[in-house]
Amino acid sequence: LVFLLLAGGGYFAYEGLKIELKSRVAQILLQYSWHKTLTTGKNYQPWASFDGTPIMLLEIPNHNISQIVLKGNLSGQSLAFGPSFHEESFLPHEQKVTIISAHRDTHAVYIKKLQLGEEIKIQDADNHWHTYTIDDFFVINVQKEKIAMDSNEDSLLLITCYPFDAIRSGTPLRYIVSAKKYTI
């Protein structure tokens, strides 16, 4: 009986940690492929079967966050391994709305700690840095509201599921951090 309880407990502990371990190891491999992309100018995948491409580096200095942002299927493999770029939005150099999503319990776990006025940096594949300042937080219901993409304002939106401590995944609520491009 003790063996069964230990084995069962070990299995459930592994299942609980598997997502976290997978996301951390993936970011190491993604950092390596991002470095190769910056030095060669060509896109590299971290492993052959990966269905995304590293396209940006997201940094939030006040929270020690440095994550590779992926281009690829938002609901597929790429979100499991890192934050993902919404392809219906724009890249930072296009000076419009850039949207990045991540899971609230892995890569966006920091999002609830962000504060107004904090800085967010994005490095693009051309090794240019784009700096944004957080100016708003809000929650939307994606079944009733859409994010306006027609704005010509140079901004960044970070999106994750909400509420943060929900037991059930798949709620229609999204927590959004809005940041405006910092200009001198």
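**Exercise 1. Find the contacts of Thr-37 and decide whether Thr-37 is buried or exposed.**

Step 1: Pick out the partners. Skip the neighbours within four places in sequence, and Thr-37 is in contact with Lys-42, Asn-43, Tyr-44 and Ala-125. Contact here means heavy atoms within 4.5 Å.

Step 2: Place the residue. Thr-37 sits in helix α1, which runs over 2-40. Helices (H or I, at least four residues) and strands (E, at least two) are DSSP runs, numbered from the N terminus.

Step 3: Check the accessibility. Thr-37 has 1% relative accessibility, so Thr-37 counts as buried. The cut-offs are under 20% relative accessible area for buried, over 50% for exposed, and partly exposed in between (1.4 Å probe, protein chains only).

A quick word on what you're looking at: this is a predicted model, where local features need pLDDT of at least 70 and side-chain atom pairs count only at pLDDT 80 or more, while totals for chains, interfaces and linings use all residues. Residues are numbered from 1 along each chain as its sequence is written, and side-chain values use heavy atoms, with hydrogens and water left out.

**Exercise 2. Say how confident the prediction is, and where confidence is lowest and highest.**

Step 1: Start with the whole chain. The protein chain averages a pLDDT of 88, and 95% of the residues score at least 70. pLDDT is the predictor's confidence in each residue, from 0 to 100.

Step 2: Go element by element. Confidence is lowest in α2, with a mean of 73, and highest in β5, at 97.

**Exercise 3. Describe the nonpolar cores.**

Step 1: Know the rule. A nonpolar core is a set of buried Ala, Val, Leu, Ile, Met, Phe, Trp, Tyr and Cys residues joined through side-chain atoms within 4.5 Å. In soluble globular proteins, nonpolar side chains tend to be buried together.

Step 2: Take the largest core. It has 22 residues, and those with the most contacts inside it are Tyr-110, Ile-111, Leu-114, Ile-120, Leu-156 and Leu-158. Two or more residues each come from β1 (52-60), β2 (65-72), β5 (119-124), β6 (129-141), β7 and β8 (173-181). The most come from β1, with 4 residues.

Step 3: Look for another one. A second, separate core has 8 residues, including Leu-30, Phe-50, Leu-57 and Ile-68.

Step 4: Zoom in on Ile-111. Not counting residues up to four places away in sequence, Ile-111 touches Leu-158, Thr-160, Phe-164, Tyr-175 and Val-177.

**Exercise 4. Work out what lines the largest pocket and the largest cavity.**

Step 1: Sort out the terms. On a 1 Å grid over the protein atoms alone, a cavity is a set of points where a 1.4 Å probe fits but cannot get out, and a pocket is an open set with protein on both sides within 12 Å along at least five of seven lines; lining residues have an atom within 4 Å of a point. Grid points are joined across faces, edges and corners, and a volume is the space filled by probe spheres set on the points.

Step 2: Do the pocket. The largest pocket holds about 570 Å³ of space. Of its 26 lining residues, the closest to the centre are Leu-79, Ala-102, His-103, Cys-161 and Arg-174. By class, the lining has 14 nonpolar, 7 polar and 5 charged residues. Ala, Val, Leu, Ile, Met, Phe, Trp, Tyr, Cys and Pro count as nonpolar, Asp, Glu, Lys and Arg as charged, and the others, Gly among them, as polar. The largest share of this lining, 3 residues, comes from β7.

Step 3: Do the cavity. The structure holds 1 cavity of 30 Å³ or more, and the largest cavity has a volume of about 40 Å³. Its lining consists of Leu-58, Pro-83, Ile-100, Ala-102, Ala-108, Tyr-110, Ile-111, Leu-158 and Ile-159. That makes 9 nonpolar residues, no polar and no charged.

**Exercise 5. Track down the backbone details in the loops.**

Step 1: Find the cis bond. The peptide bond from Tyr-162 to Pro-163 is cis, with omega near 0 degrees. Pro-163 is in the loop between β7 and β8.

Step 2: Find positive phi values outside glycine. Asn-64, in the loop between β1 and β2, has phi near 60 degrees. Asn-127, in the loop between β5 and β6, has a positive phi of about 70 degrees.

Step 3: Check how accessible they are. Asn-64 is exposed, with a relative accessible area of 75%, whereas Asn-127 counts as partly exposed at 44% relative accessibility.
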